[in-house]
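Q: Could you take me through the surroundings of the ligand in this model, and then look at the nonpolar core and one loop residue?

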Amino acid sequence: RQKEAKKLVNEPSITLDGTKVELVANIGNPEDAKWAVANGAEGIGLFRTEFLYMGRNELPSEEEQFEAYKTVVTMFGAQRPIVIRTLDIGGDKELSYMDMPKEKNPFLGYRAIRLCLDRPEIFKTQLRAILRASAYGNIKLMYPMIATLQELRAANQILEAAKQELASENIPFNTAMEVGIMVEIPAVAVLADQFATEVDFFSIGTNDLIQYTMAADRMNEKVSYLYQPFNPAVLRLIQGVIAAAHKAGKWVGMCGEMAGDLAAIPILLGMGLDEFSMSANAILPARALLRQLTQKDAQRIAQAVLKMDDAKEIRDFVEQAVSAIV
Ligand code: PEP
Ligand code: MG
């Protein structure tokens with residue numbers, strides 16, 4: 001089976017009836033990128049940049065970050081997309097040298113874009129490094145944990161300032177670099193139509209979107225029964241986000257664990273998801289499945305599950321429908 005899948009490393013991610021999607025990888029450092037290439041990733045859908053900031057005693061310099069981003073981009077050539085996510089620290093990820101406040105509810109607190117907007121000098125350094133690397137390939141920028149349009153606009157203002165600085169220093173960067181947001185807070189999923197007009201793309205972060213929608217800590221085993229990717233509320237939010245993006249002519253991906261779940265893929269394909277970003281070892285099995293499905297089958301499955309009211313019933317239905325097809 002693994003041998004069969006290996007043959008698909010250089011094959012397109014296309015359904016039997018010709019719908020093409022992108023299967024890309026989640027990575028946490030430049031080392032992971034090699035493994036992603038070996039597993040047939042068509043690009044990077046989520047480059048978590050926290051590794052640059054963790055396990056050390058001071059903030060990484062612009063130069064250090066630039067080198068790390070450039071290393072990954074050059075591995076994928078000029079065309080293939082690399083979505084770089086800005087710093088998502090806080091929550092469960094602490095930085096000893098930053099004197100972060102102790103919080104009662106860290107996952108509802110000072111993290112990711114909230115921290116970056118509060119410490120614009122840290123944020124701008126990272127944005128300059130990403131912009132500089134964008135001169136070497138197809139980099140797209142992504143903000144994590146956006147909750148309001150005001151945060152998005154504030155982040156874009158700092159991006160604009162970074163661009164102006166680089167331009168005045170005659171340092172090259174891609175002036176047309178795409179800028180998108182993670183959809184991982186329910187408020188953004190609900191207002192996806194408003195956000196869609198101000199971004200180039202969405203990437204649905206189901207790891208957090210599920211925990212915030214169900215009010216169930218993704219690390220707490222006591223409430224793990226509520227952490228349901230197939231909960232009808234979660235599926236309806238995802239469907240709404242995809243529809244809103246497409247209505248505005250924008251593409252939409254998913255970079256939570258759900259994107260690599262073989263039982264979720266037919267539903268997401270049927271809803272029209274354009275890009276699936278997952279850990280590298282999930283890519284070839286996902287590609288093998290996609291190539292045996294039709295978009296028509298997937299649409300039928302998506303429509304059927306959107307009428308159901310129980311997460312387990314939904315998962316069982318998809319698994320049965322798929323086993324009848326492939
Ligand atoms: C997510 O929330 O789905 C996500 C991909 O981000 P992280 O797992 O890094 O929070
Ligand atoms: Mg997240």
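A: Happy to! This is a predicted model, and a good place to start is helix α9, which gives 3 residues to the shell around ligand 1, the largest share. Helix α9 spans residues 206–214, and along with strand β2 (44–48) makes up the elements that give two or more residues to that shell. Residue by residue, ligand 1 is surrounded by Leu46, Arg48, Asp88, Glu184, Gly205, Thr206, Asn207, Asp208, Cys255 and Gly256. Sorted by class, the shell holds 4 charged, 4 polar and 2 nonpolar residues.

Now for the core. The largest nonpolar core counts 99 residues, and Ile44, Ile181, Val183, Val241, Leu268 and Phe276 have the most contacts inside it. Helix α10, residues 232–247, supplies 8 residues, the largest share of this core. As general background, nonpolar side chains tend to be buried together in soluble globular proteins. Leu268 is worth a click in your viewer: leaving out residues up to four places away in sequence, Leu268 touches Met254, Ala259, Leu273 and Phe276.

Finally, the loop residue. Thr19 sits in the loop that runs between α1 (2–6) and β1 (22–27). Thr19 counts as partly exposed because it has 18 C-beta neighbours inside 10 Å, while a buried residue would need 20 or more. Not counting neighbours within four places in sequence, Thr19 is in contact with Ile14 and Gln295. Thr19 and Lys296 are 277 residues apart along the chain, with their C-alpha atoms separated by 9.8 Å.

Technical notes:
Residues numbered from 1 in each chain as written. Chains lettered and ligands numbered in written order. Predicted model: local features only at pLDDT ≥ 70, side-chain atom pairs only at ≥ 80, totals over all residues. Near = placed C-beta within 6 Å. Helix = DSSP H or I, 4+ residues; strand = E, 2+ residues; numbered from the N terminus. Nonpolar A, V, L, I, M, F, W, Y, C, P; charged D, E, K, R; others polar. Core = buried A, V, L, I, M, F, W, Y, C linked by C-beta atoms within 7 Å. Buried ≥ 20, exposed ≤ 12 C-beta atoms within 10 Å, placed from the backbone. Contact = placed C-beta atoms within 7 Å.
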